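Hi everyone, thanks for coming. Please have a look at the sequence and the structure on the screen, and then I'll talk you through them.

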Amino acid sequence: QRRVRGFLLVCGGEVFKSFHPEELMHMVSGMHDFNFNDLEQITEYKNGYSPEHPVIRLFWEVVKEMELDMKKRFLFFLTGSDRIPIHGIHSIKIIIQKVKDNSRLPVAHTCFNLLDLPPYPNKSMMRNKLLLAIQNTEGFGLV
């Protein structure tokens, strides 16, 4: 009951009454459509990467094979949020750029949705390095 009162105190008023429950749910918890095919289509590439680059093909294979929980963790690693914005996955602009040293883990710059991705030579190394980076991310601890 206190949560409802607190929510209405912050979000109450005439504007609040104009939303349907589903719209409010999306605004509060984000969308639940984790269509990574769409995310792949809108991703931009830099420093020698392109949608057809073999490393990028491996990257998307690994990401699409992840379970939903790991996809959410990847999204958090990359953007700082594990939720799809209310306007859908198309509203996320991500950039993947090539960095030289494939002994390093991928690095995400969450403020820019920018992923530094080394040119890993095979799918196994891509999966291992990407999962290690995702599983050991801390974020800013603001959520």
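I'll start with the overall layout, go on to the sheet, and finish with one helix and its salt bridges.

Please keep in mind that this is a predicted model. The chain has seven helices and four strands, and along the sequence they come in the pattern α-α-α-α-β-α-α-β-β-β-α. Of its 143 residues, 31% are buried. The chain exposes about 9200 Å², with carbon and sulfur atoms supplying 55% of that area.

Now, the sheet. The four strands form an open sheet in the order β1-β2-β4-β3, and the pairing is mixed. At the edges sit β1, residues 44-46, and β3, residues 107-109, each pairing on one side only. From one strand to the next, the twist averages 20°. If you look at β3 and β4, they run antiparallel and are joined by three bridges; there you can find A108 opposite L115 of β4.

So which helix packs on this sheet, touching β1, β2 and β4? That is α5, residues 54-65, and its direction makes about 115° with that of β4. Helix α5 has twelve residues and reaches 17 Å from first C-alpha to last, close to the expected 16 Å. Its buried residues are V55, I56, L58, F59, W60, V62 and V63. Among the elements covering them are α4, α6 and α7, together with β1, β2 and β4.

What about the charged residues of α5? In general, side chains of opposite charge can pair when their charged atoms come close. The whole structure has six salt bridges. One of them joins E61 to K123, with the closest N and O atoms 3.1 Å apart. Because E61 lies in α5 and K123 in α7, this pair ties together parts that are 62 residues apart in sequence.

K123 also meets E65 in a salt bridge, at 2.6 Å from N to O. That second pair again links α5 with α7, here across 58 residues. E65 in turn meets R127 at 3.2 Å, and R127 lies in α7, so this pair too connects parts 62 residues apart.

Put together, E61, E65, K123 and R127 are linked in a network of salt bridges. Are these residues buried or exposed? They count as partly exposed: E61 has a relative accessible area of 37%, E65 has 46%, K123 has 23% and R127 has 30%.

That's my tour, and I'm happy to take questions.

How values were computed:
Residues are numbered from 1 along each chain as its sequence is written. This is a predicted model: local features need pLDDT of at least 70, side-chain atom pairs count only at pLDDT 80 or more; totals for chains, interfaces and linings use all residues. Side-chain values use heavy atoms; hydrogens and water are left out. Two strands pair if DSSP finds at least two bridges between them. Helices (H or I, at least four residues) and strands (E, at least two) are DSSP runs, numbered from the N terminus. Axes are lines fitted to C-alpha atoms, for helices over the stretch in contact, and angles run from 0 to 180 degrees between N-to-C directions. Contact means heavy atoms within 4.5 Å. Buried means under 20% relative accessible area, exposed over 50%, partly exposed in between (1.4 Å probe, protein chains only). Accessible areas come from the Shrake-Rupley method with a 1.4 Å probe; for residues, only the protein chains shown count as cover. The expected span of a helix is 1.5 Å times one less than its number of residues. A salt bridge is a side-chain nitrogen of Lys or Arg within 4 Å of a carboxyl oxygen of Asp or Glu.
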